[in-house]
Amino acid sequence: MSAAEFERFRALIYHHAGISLSPEKKTMVASRLAKRLDYYNLDNYGDYYDLALGDEHPHEFQTLVDILTTNETYFFREPKHFDFVRERILRQWRGSPFRAWSAACSSGEEVYSLAMVCAETLGAQTWEVLGSDLSSRVLETARHGIYSMDRLEQMDARLLRKYCLKGVRSQQGYFRVDAKLRGRVSFEQVNLMKPPPTSLGKFDLIFLRNVLIYFDHDTKKKVVERLLAALKPGGYFFISHSESLHGISGPLQQISPSIYRKP
């Protein structure tokens with residue numbers, strides 16, 4: 001991949017998804033897209049760029065976006081956040097249905113982790129968890145709820161037994177989230193570069209973890225502002241421990257370095 005070809009893809013993904021790719025990512029981009037060149041028997045990345053944006057293969061642009069925006073995740077990543085949700089939010093929860101949104105949910109592990117905490121803590125109270133992502137491919141994985149056992153490093157064995165079904169024979173090494181829990185969550189394709197659909201409603205908790213690191217400062221500010229409009233007063237906003245809202249947190253009250261509350 002030439003520098004000029006990389007620049008075309010870099011500008012495209014920045015405009016569409018807000019992701020700022022550094023020059024050091026050129027090898028990664030080339031590696032991820034190489035299979036698509038082989039698939040279409042193309043000689044260079046410029047030809048693939050033109051094909052993905054052309055009319056002859058209308059679904060290829062989404063495939064391109066999926067390839068360049070998919071990130072690895074796993075169950076109960078950054079476990080202290082889930083401890084906080086359980087002990088500081090849900091154990092004191094009373095009244096209206098509790099609504100949580102994982103706004104960059106990738107293949108759904110974060111959504112099901114939140115759902116397990118809600119199921120364990122809220123009992124008969126009403127709750128729901130929404131997961132959203134830009135990639136249609138990872139959302140399809142999330143809806144099926146089938147994962148490799150290596151995603152379970154942080155999960156309590158009791159939760160695995162209670163909410164998951166281990167695969168046998170041809171499915172050995174995999175598990176599926178129980179249908180009852182899958183029925184309490186939903187998934188939507190949402191582009192964080194645009195205002196959230198009003199149909200999503202308002203939320204008591206929003207997770208936006210491990211995605212802000214891919215945005216420049218101005219994009220971070222706009223994304224956070226959009227999501228805060230969907231957060232109820234008194235609601236909680238979580239980012240990753242490796243991220244910061246310095247200079248962009250607006251009216252949020254900082255509870256800890258990665259946990260904020262809307263007044």
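Here is a short walk through the structure, one selection at a time. Keep in mind that this is a predicted model.

**Stop 1: the whole chain**

Start with everything shown as a cartoon. You should be able to pick out ten helices and ten strands in the protein chain. The radius of gyration is 20 Å, close to the 18 Å that the globule rule gives for 263 residues, so the chain is as compact as a globular protein of that length. Turn the C-alpha trace along its principal axes and it spans about 60 × 55 × 30 Å.

Now look at how the chain comes together. Of the contacts with a separation of 6 or more, 74% are between residues 24 or more positions apart.

**Stop 2: the surface**

Switch on a surface view. The accessible surface of the protein chain comes to about 13300 Å², and carbon and sulfur atoms own 50% of that. As for what is hidden, buried residues make up 48% of the 263.

Colour by charge next. There are 36 positive and 31 negative side chains, and the centres of those two sets lie 9 Å apart.

**Stop 3: strand S7**

Go back to the cartoon and select residues 203–207, which form strand S7. How many of its five residues are buried? Five of the five are, so-called "mostly covered" territory.

Which strands pair with S7? Add residues 98–102, strand S1: S1 and S7 run parallel and three bridges join them. Show Ser-102 and look across to S7, where its bridge partner is Phe-207.

Then add residues 231–238, strand S8. S8 also pairs with S7 in the parallel sense, this time over four bridges. For a landmark, pick Ile-206 and find Phe-237 of S8 standing opposite.

While you have the strands up, a general point for reading side chains: in a regular strand they alternate between the two faces of the sheet.

**Stop 4: Pro-97**

Last selection: Pro-97, which lies in the loop between helix H5 (79–89) and S1. Buried or exposed? Pro-97 is partly exposed, with a relative accessible area of 41%.

Show what surrounds Pro-97. Leaving aside residues up to four places away in sequence, Pro-97 touches Thr-126, Asp-204 and Lys-232. Asp-204 falls within the 203–207 stretch of S7, and Lys-232 within the 231–238 stretch of S8.

To finish, draw a distance from the C-alpha of Pro-97 to the C-alpha of Leu-208. The two residues are 111 apart along the chain, and the line should read 21 Å.

Terms used: Residues are numbered from 1 along each chain as its sequence is written. This is a predicted model: local features need pLDDT of at least 70, side-chain atom pairs count only at pLDDT 80 or more; totals for chains, interfaces and linings use all residues. Side-chain values use heavy atoms; hydrogens and water are left out. Helices (H or I, at least four residues) and strands (E, at least two) are DSSP runs, numbered from the N terminus. The radius of gyration is taken over C-alpha atoms; the globule rule is 2.2 Å times the number of residues to the power 0.38. Buried means under 20% relative accessible area, exposed over 50%, partly exposed in between (1.4 Å probe, protein chains only). Contact means heavy atoms within 4.5 Å. Accessible areas come from the Shrake-Rupley method with a 1.4 Å probe; for residues, only the protein chains shown count as cover. Lys and Arg count as positive and Asp and Glu as negative; His and the chain ends are not counted. The place of a charge is taken as NZ of Lys, CZ of Arg, CG of Asp or CD of Glu. Two strands pair if DSSP finds at least two bridges between them.
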